[in-house]
Each structure stands twice: as structure tokens, then as C-alpha cells.
Amino acid sequence: MAYTVIRTDLMSGTKQPADLVSIRFYGEDSQPAEVENGVIVKLEGYEDGQREVYKAKAAKAGDKLSECAIVAGVEVMYDERKKNLDEYINEKGKAVRAYIPRSRNLFALTKEGFQGGTAPAKDGTVGIGEGGKLSTSAKDVGKCVHIETVGRYTYYTIQIGAAEPAEAGE
């Protein structure tokens with residue numbers, strides 16, 4: 001099975017530590033679960049007794065992007081038989097790196113990061129779909145600004161739209 005490969009092309013969390021969080025992913029049954037890179041998760045506050053690790057579940061359509069993060073774990077594979085990035089998945093129960101989405105940030109995913117493997121066309125909009133994957137039938141996350149093939153992977157670069165909530169009174 002091929003998993004999503006993510007590139008954090010221009011994410012503010014790479015230089016702004018406040019936009020980088022640690023999460024532990026929980027499934028629908030509220031138990032720790034494995035999670036692919038590129039999944040949009042809803043942050044549900046810190047885990048009990050923690051001050052650094054957020055409890056996170058797959059985001060759903062309608063969730064506010066300002067309350068979410070994008071999973072981008074470091075692809076360290078301990079199984080020496082695995083050599084390709086699309087063989088990596090974040091293990092259940094592990095704390096994983098995630099980026100807070102900010103307006104105009106750029107990240108890129110392979111087609112596996114889109115609901116049903118349906119990637120957008122250039123200038124197509126994307127939003128939160130089933131299981132926290134991006135959906136081409138929604139538009140609350142951003143738009144595809146570039147498509148490129150690098151080696152064995154085709155990446156769809158997403159520019160995040162309005163991620164921050166409007167100021168009161170606007």
C-alpha cells in the first residue's frame with residue numbers, strides 16, 4: 001500500500017516554532033491510531049497531564065482551519081526492507097510533528113493525500129474531506145498552484161487560503 005508523501009515547501013512552522021506542534025493521533029474509537037502524513041487533524045487540546053502533546057483526530061468538513069494542523073512526521077523507517085517515502089506511516093501511539101496552517105503557506109502532497117486518490121487540477125480548490133484527507137469537492141483549505149513530478153512522485157502544491165479567524169468587529 002502506498003501512503004501519502006508530503007513536502008513542507010513553505011510552511012511557517014519550519015522557521016516559526018509557534019506554528020509547529022506535536023500531536024498524538026486518535027481514531028474514531030478514541031484510541032491511539034496510525035496516521036498518514038498530509039492528513040488534516042483537528043486539535044482537541046493537550047492530552048491529560050501533557051503540556052506539549054495535543055490530542056488530535058481527523059478533521060471533518062466544516063471544521064475551522066484555525067483549529068487544525070497538517071501531519072508531517074519525520075520519515076524514519078526502522079524496517080530496513082522499507083526504502084521509499086510512500087512506505088512510511090506514523091505509528092500509533094507516537095507523538096508526531098504537525099504544522100499549523102497559515103494563510104499563503106505552501107505544502108505539497110502526492111495523490112494519496114486526496115480523498116479517493118483524486119488529485120486536483122492546477123488552480124483547483126481543495127478542502128477537508130473524509131478522514132482528514134483533502135477533497136477536490138470542497139474549498140475551505142486552499143488551491144492547487146503547481147503540479148510537478150520529482151523522481152518517482154508527482155506532487156500537488158497547495159497554497160493555503162484564509163486560515164486565521166477574522167478579527168472581532170470585521
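Me: Two strands pair if DSSP finds at least two bridges between them. Why are S1 and S7 said to pair?

Reply: Three bridges join S1 to strand S7 (residues 106-109), so the requirement of at least two is met. The sense is antiparallel, and Arg7 stands opposite Ala108 in S7. This is a predicted model, in which local features need pLDDT of at least 70, side-chain atom pairs count only at pLDDT 80 or more, and totals for chains, interfaces and linings use all residues. Residues are numbered from 1 along each chain as its sequence is written, and side-chain values use heavy atoms, without hydrogens or water.

Me: What makes S1 and S9 edge strands?

Reply: The open sheet has six antiparallel strands in the order S1-S7-S11-S10-S8-S9. S1 (6-10) and S9 (134-135) have a single partner strand each, so one side of each lacks a neighbour in the sheet. A strand is a DSSP run of E of at least two residues, numbered from the N terminus.

Me: How do you know that S5 and S6 pair?

Reply: Two bridges link S5 (residues 68-71) to S6 (residues 96-99), in the antiparallel sense, so the pair qualifies. Ile70 stands opposite Tyr99 in S6. Both strands belong to a closed five-stranded barrel, S2-S4-S3-S5-S6, with mixed pairing.

Me: Which residues lie nearest the centre of the largest pocket?

Reply: They are Val76, Tyr78, Tyr88, Ile89 and Glu91, out of 15 lining residues. A pocket is an open set of points on a 1 Å grid over the protein atoms alone, where a 1.4 Å probe fits, with protein on both sides within 12 Å along at least five of seven lines; lining residues have an atom within 4 Å of a point.

Technical notes
Helix = DSSP H or I, 4+ residues; strand = E, 2+ residues; numbered from the N terminus.
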